[in-house]
Structures are given as structure tokens and as C-alpha cells.
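Trainee: Hey, could you walk me through this one? Let's have it on screen first.
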There are 2 protein chains.
Amino acid sequence: MAAVAPSIKKAVTLFHALSDETRLALLERLKDGEQCVCELTDAMKAAQSRLSFHLKVLKDAGLVEDRRDGRWMYYSLSSQAIEELEDLVDSLKKAAKSAASARCCC
Amino acid sequence: MAAVAPSIKKAVTLFHALSDETRLALLERLKDGEQCVCELTDAMKAAQSRLSFHLKVLKDAGLVEDRRDGRWMYYSLSSQAIEELEDLVDSLKKAAKSAASARCCC
DNA sequence: CCGATAGATCAACGGTCCTTGATGGGAGGT
DNA sequence: ACCTCCCATCAAGGACCGTTGATCTATCGG
């Protein structure tokens, strides 16, 4: 029973971070594990400032973490925000299920 | 193991629909069950055309369904898109978990 | 030190999204 | 038929978002 109301702002931030093709592609790449920005720009053939922008959005939403190693910045998935996501979706799912069964006619 | 790549567009649509405070508030209200637009505008003190716009976004994303009864349009949660959401989040979660365990040092 | 590299940040532009008020259309009531 | 109610749709305006190229910072190698 997530008390969603006070955390609506956070949910908006989370879903907004996920509502972009480039950012979803970044997350998809990060599923393979930690990667630095230069690897990502190379693999995705995207301008560096563009990815930097999107990585910041993902980081601000708590979806990724960054780690510095010399000149390189490594990004990786963060399970923190993802668990919040799961709660949000779960709560929706339960409500949708109960609504469906209540509507069941036959 | 969701084949996410081809359905990125759909994921973007889904997450975009969820990335708005008004729309999340609508979903929250619909958790209590089917409601008509006039009930929603009344409860949320929002302009009718505004809610109509947002309900259309939610409907286009597959998150809600509508049903006509006389003069009234009733909206309710649809479990269809929500299950897709669940898959997307699940896939992210697994990747984040495995990344975390791979990074575990001590 | 100096140059080169990795990446963040900034300003400007174009596009998309949300809001608002007005209009239109369908369904009932009389 | 007419009027009323419920809702969708439209056009206009403003706000926000993503892209791009340039600039700035920090780190490493010589």
C-alpha cells in the first residue's frame, strides 16, 4: 500500500526520465554493466553533450549512478529508483486487477 | 527476457503518459473504480477540456479504457498496458540486480 | 608546465507538450 | 423541435524539453 500522493512529484520525475528514446537506449546498454561515456557515445554514435545531458536526467531521477576513475566517468544502473518504480507499477496493477474482477459480468 | 528494442516507441509512449502530475492523479482516482468525466472534474477541480485531453493521452497509451453510458463516459484502469509496464520494469530490475552483485567487492 | 583527452556545462534555437476558452456534437428530457 | 447536459475537439498562447556547438574544468602523459 504505497502512499503515492506525497511522492507524485518523484514519480513524475522517474517516468519522465524513462519517457525518452535516447535514455531508454542508454539504460538498455547499461544492462550489460558499467560503461563510461566515451564507450556510450561511440556505441550510440551520439554527440557527447547529448549523452551527458541524458545521463544527468537519469542520474537526477536516481536511475543510474556515476563513478569517476581518472579521466573517465563510469555509469551503471542503480537499483534504488527501480524498486520505487516497481512499487508504483505494482500498486497500479493491483488496482487494475480488482477493477477488472469487479466489472466481471458472467 | 523481453525483446525491448522493437517496442521502444511503445515504452516511450507508456512512460510519457505516466510522466505528468495530472495524469497520475487521474490514475490514482481510477484505482477506486470506474468514474465518469464529470465526477473527475468535480473531484479534481480541473477544467473539463483539460481532463479530456489527459484522459485521451492515457487511453492512447492503453492505460485506461472508456465506456459510454447515455450522456456519460466512464473511464477505468486497463490492465493491458500495465502488464507491459511490469515487464519493462522487471527487465530493468533484473539487470540492476545482476550489475550490483557483479560490482560487490567485499 | 604544456598539450591532449574525457566529460560537464552553457546559450540559443526549434519542436513538442500543456493550458485555456470557444465551438461542435451526441444523448436525454420536455 | 427545442433546450440542456456531458464530453470531445480545436486554435492560440506559453512553458518546457532536447539538440547543437562552443566553452570550461579536470586529469593524465610528456
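Mentor: Sure, one definition to start: Ala, Val, Leu, Ile, Met, Phe, Trp, Tyr, Cys and Pro count as nonpolar, Asp, Glu, Lys and Arg as charged, and the others, Gly among them, as polar. This is a predicted model, where local features need pLDDT of at least 70, side-chain atom pairs count only at pLDDT 80 or more, and totals for chains, interfaces and linings use all residues. Residues are numbered from 1 along each chain as its sequence is written, while chains are lettered from A and ligands numbered from 1 in the order in which they are written.

Trainee: OK, so how many residues of each class does the surface near DNA strand C have?
Mentor: There are 10 nonpolar, 7 polar and 6 charged residues. Near means that the C-beta atom, placed from the backbone, lies within 6 Å of the strand.

Trainee: And which element gives the most to that surface?
Mentor: That's α4(A), with 6 residues. Helices (H or I, at least four residues) and strands (E, at least two) are DSSP runs, numbered from the N terminus.

Trainee: Switching topic: what's the strand order in the sheet of chain A?
Mentor: The order is β1-β3-β2, open and antiparallel. Two strands pair if DSSP finds at least two bridges between them, and β2(A) and β3(A) have 6 bridges.

Trainee: Why is one side of β1 and of β2 left without a neighbour?
Mentor: Because β1 (35-36) and β2 (64-69) of chain A stand at the edges, each with a single partner strand.

Trainee: How many residues does each chain bring to the contact between A and B?
Mentor: Chain A brings 32 and chain B 33, counting residues as in contact if their C-beta atoms, placed from the backbone, lie within 7 Å. On the chain A side, α5(A) gives the most, with 13 residues.

Technical notes: Contact = placed C-beta atoms within 7 Å.
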